[in-house]
Amino acid sequence: MATKPPKGDPVQDAPQVTDPKHAAAGLPAIGHTLRIAQQQMGVKRTALTLLRVNQKDGFDCPGCAWPEPEHRHAAEFCENGAKAVAEEATLRRITPEFFAAHPVADLATRSGYWLGQQGRLTHPMYVPEGGTHYEPVTWERAFDIIAEEIAALDSPDEAVFYTSGRTSNEAAFLYQLFARELGTNNLPDCSNMCHESSGSALSETIGIGKGSVLLDDLYQADLIIVAGQNPGTNHPRMLSALEKAKANGAKIISVNPLPEAGLERFKNPQTPQGMVKGAALTDLFLQIRIGGDQALFRLLNKLILQTDGAVDEAFVREHTHGYEEFAEAARAADWDETLTATGLSRQEIEEALAMVLASERTIVCWAMGLTQHKHSVPTIREVVNFLLLRGNIGRPGAGVCPVRGHSNVQGDRTMGIFERPAPAFLDALEKEFGFAPPREHGFDVVRAIRALRDGEAKVFFAMGGNFVSASPDTEVTEAAMRRARLTVHVSTKLNRSHAVTGARALILPTLGRTERDLQVGPNGKSTEQFVTVEDSMGMVHASRGRLEPASGQLLSEPAIVCRLARRVLGEESRVPWEEFEKDYATIRDRIARVIPGFEDFNARVARPGGFTLPHAPRDERRFPTATGKANFTAAPVEYPELPEGRLLLQTLRSHDQYNTTIYGLDDRYRGIKNGRRVVLVNPEDADRLGLADGSYVDLVSEWKDGVERRATGFRVVHYPTARGCAAAYYPETNVLVPLDATADTSNTPASKSVVVRLEQSATD
């Protein structure tokens, strides 16, 4: 089945398969971490760099947004965090000579793995209209090109400004400020593709679109429910927190269509006992059918209502709204429908109920497994209902815990990266900077792709990320990007998006988190700057790189935004862009005056470990909703329907992957080696469909009105998934998610419940 890839690009479609693992981390994680780090950085650089990751005087890991504990280990990083750091601090370089040898058409044939392995970008690069290669360009000329294209627009709303979660608070604040002074709210970001459903549901129900727990709450919890999340691969440091919670007496329920090694047993590499034996984490594994979570929590809510003394009536009476309507809907929950929707047994649900009723302090954690369905928002609202019933918001050891992916994706939203900004935020900007920001809502990710496709947007500017590979409906997205007049990517490394260009294209290389940021101040002397980030639990802290930059041609993200703004907006701008570029403390002073919770920002972030942002539901049991209380909600129970002969597919990461960055070709915990084009299918489903283990199939997604998408050449792997469910890696399967297949309310791509049929591959 293996096809010959371009020279130097490894074969990826003929993987070796062994049995999945039942424990995560331990000695294999240490060995793999050191091997990858030394390949990229060398021995000395590895030691100097990794020992500064997530330290109070170091830099924030560019991987996930899991928070750091107050008392930190000398090695406060996980395997995937070390991979992220290694690829950023790599000694490999992509120079103009590389681009001279590789035309854009050649780059477009390469795998994401190969592109990422080439190293750090060193120079601004430009593809002129009609050009075939990226060629070096000066920073001044690059900003001129952007200014030319923006000036040629009929409206600022023909420009799109995308943001990845790795952007610092300072850069994000400047970026949205520039876009709004230009005159647009077209500020889509990676939240639109991941936790937008969480933000939508939480804003409506508790009044703030963020989680309500801190690390200490996990340590105090009686019960932690981990739903639709794989911490062992996606947020490995969370396993340490779960281990500590277990040691303190907590019970853990895992709700997932796939068994995940990290939630079975965690071999903590930081302790001798952990390395050898490890800790069993999950007390009850609910192997739920894809998309059945709303039905599960609805039935649990019905059973709580039926149990004498189970409802916290005082909390409900004093702090909530909409209880009667919710209770009426919950009492109508049907056992048979729930068993169909979830694939669970009555005994399993009753066992879960017993654990819920025995817990005085319950936390529910979730990630993309809950947020990327058509009915994701009502699902998360039902989770909130579940917690409100027993008073589990605003008490220690209890609350909502959406686990964010990118390291500062939550901070970017706090800084104003949002296509639908709150009027109060815009009022504060206007008061502080003296211009009237636009009030009309802008484009989110899906709407931005439509606008590019339809010619309504002509300039696309990305601050980090890999937009093409992260977005749904790959072929439609790529065609839309190629219709742009100009595409611009601020990046540290090469990725697929750089090979999908508009008529003109720019790559602007930037500093990474690991690198020293020196800016020339008013006195002509270079001053070392730092930036800040916000983690998944609302903690804000400093990040200081120490490595020498990969190239003397790199600019920091704040410097790029400031110089771009000065060139595009000209002297008429009332924003002190030059001052901001020279001293990031002046940016933080303005943030402090615009965004609540950041008062005295510079002094507070100077403290080791930073500070915690206020959270009214957690801190005061005050709910800033339209009703002034926490809102119970009622919605019809939804779950995906599965036609005969079809499977429900969820897209997911491999273990050698972080979002669209592919570190390697193995998925160690799932037993997959040297390949990514695999589809995991329950053996009973495979037998029913006549799919032998090791056979090759095309995945064909089926959506409404006969809309279909195809991904070719996937090896069938018999795997213990939930019945009727399958799984495959993204970005390879993003092609299967139609652009219009999105979650209600949040408009997030519905990548976790794709109806597919599996057809024998033509090349099998």
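Where is the place of Thr-745? See point 2, after a word on the model.

1. The model is a predicted one. The points below cover backbone outliers, one small sheet of three strands, and a buried arginine, Arg-390.

2. Thr-745 sits in the loop between strand 32 and strand 33. Its phi is positive, about 75°, although Thr-745 is not a glycine. Most residues other than glycine have a negative phi. Thr-745 counts as exposed because its relative accessible area is 57%, over the 50% cut-off.

3. The loop between strand 32 (725–729) and strand 33 (754–760) also holds Pro-731. The peptide bond from Tyr-730 to Pro-731 is cis. Omega there is near 10°. For context, most peptide bonds are trans.

4. Asp-705 is another non-glycine residue with a positive phi, here about 60°. Look for Asp-705 in the loop between strand 30 (696–702) and strand 31 (708–718). Why does Asp-705 count as exposed? Its relative accessibility is 76%, and exposed means over 50%.

5. Now Arg-390. This residue lies in the loop that runs between helix 21 (376–389) and strand 15 (399–402). Is Arg-390 buried or exposed? Arg-390 is buried, yet it has no salt bridge. Glu-360 is the nearest side chain of opposite charge, and it is 7.3 Å away. A salt bridge would need a side-chain nitrogen within 4 Å of a carboxyl oxygen.

6. What lies 2.7 Å from a polar atom of the Arg-390 side chain? The backbone oxygen of Ala-310 does. Ala-310 is also on the contact list of Arg-390, which leaves out residues up to four places away in sequence. The other entries are Ile-304, Asp-312, Val-356, Leu-357, Ser-359 and Arg-395. Check these contacts when you inspect the site.

7. The sheet is open, with strand order 2-10-11 and mixed pairing. Strand 2 (24–25) and strand 11 (279–280) are the edge strands, each pairing on one side only. Strand 10 (residues 265–267) runs antiparallel to strand 11, and the two pair over two bridges. Within this pairing, Arg-265 has Ala-280 of strand 11 as its bridge partner.

8. Which helix packs on the sheet? Helix 12 (residues 238–247) does, and it touches strand 2, strand 10 and strand 11. The direction of helix 12 makes about 110° with that of strand 10.

Conventions. Residues are numbered from 1 along each chain as its sequence is written. This is a predicted model: local features need pLDDT of at least 70, side-chain atom pairs count only at pLDDT 80 or more; totals for chains, interfaces and linings use all residues. Side-chain values use heavy atoms; hydrogens and water are left out. Helices (H or I, at least four residues) and strands (E, at least two) are DSSP runs, numbered from the N terminus. Buried means under 20% relative accessible area, exposed over 50%, partly exposed in between (1.4 Å probe, protein chains only). Lys and Arg count as positive and Asp and Glu as negative; His and the chain ends are not counted. A polar contact is a pair of N or O atoms within 3.5 Å; within protein, one must be able to donate a hydrogen and the other to accept it, and residues adjacent in sequence count only if both atoms are side-chain atoms. Contact means heavy atoms within 4.5 Å. Two strands pair if DSSP finds at least two bridges between them. Axes are lines fitted to C-alpha atoms, for helices over the stretch in contact, and angles run from 0 to 180 degrees between N-to-C directions.
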